[in-house]
Amino acid sequence: MLYNGSIIYIDEKNEIWASPCSSSTYVETKKHKIVIDTSKKEKMKVIISNLNKLDVRLKDIDYVINTHNHISHTENNDIFKNADILKYSDGSLDNFNDSEIEVLLTPGHTFDSISLIYDDYVIAPAAVNSKRNIIDEKIVISAIDDELARKSILKIKSLKKHIVTAHEGILYNYEYIKP
């Protein structure tokens, strides 16, 4: 995780919030160095610092993959000058090829929301805002289609993997899988 994401609640019980900043995830496969979602400008220094701690420079990133097109997930795309920016909505993700990454369509929050499966993780910041979405099977309040959002949450949960959320870091599978 380059950044765990954050959200400021005005009324947490009713999920009324302001100023969301998405998580940002770094994945290194045998073929590529990838950043999934780049969060907001105010998190740029944190993202760069955490890449540097991994001995990765901005110029080393091959791809930035956006899980959907909201600015809270894409605002730092421009700092990755050498990276191809990929998203489902414009077809640019169609030619992405890495056997270690699986793209999973997870609409609901937006119609073009995607998640990515890598190893034991589902990187799902478009579909899973918070840990409650999985633990309580609670639909993302900002969903444009509640039924699609519910199906996406259940699909992600059924994989029984660790889940990268948009605003609360990682939900480990032992936190939601009942023995």
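## A small cavity and a surface patch

The lining of the second largest cavity splits into six nonpolar residues, four polar ones and no charged ones. This is a predicted model, where local features need pLDDT of at least 70, side-chain atom pairs count only at pLDDT 80 or more, and totals for chains, interfaces and linings use all residues. Residues are numbered from 1 along each chain as its sequence is written, and side-chain values use heavy atoms, without hydrogens and water.

**Exercise 1.** Find which residues line the second largest cavity, and sort them.

*Solution.* Start with the term: a cavity is a set of points on a 1 Å grid over the protein atoms alone where a 1.4 Å probe fits but cannot get out, and lining residues have an atom within 4 Å of a point. The count is two cavities of 30 Å³ or more. The second largest has a volume of about 30 Å³, the space filled by probe spheres set on the points. Next, read off its lining: T106, P107, G108, H109, A126, A127, V140, A149, S152 and I153. Now sort them, with Ala, Val, Ile and Pro among the nonpolar types and Gly counted as polar; the result is six nonpolar, four polar and no charged.

**Exercise 2.** Place Y88 and L105, and say how exposed or buried each is.

*Solution.* First, Y88 sits in the loop between β6 (84-87) and β7 (101-105), while L105 belongs to strand β7; strands are DSSP runs of E, at least two residues, numbered from the N terminus. Then take the scale: buried is under 20% relative accessible area, exposed over 50%, and partly exposed in between (1.4 Å probe, protein chains only). Y88, at 36%, is therefore partly exposed. L105 has a relative accessible area of 36%, so L105 is partly exposed.

Notes
Helix = DSSP H or I, 4+ residues; strand = E, 2+ residues; numbered from the N terminus. 1 Å grid on protein atoms, 1.4 Å probe; cavity = no way out; pocket = protein on both sides within 12 Å on 5 of 7 lines; lining within 4 Å.
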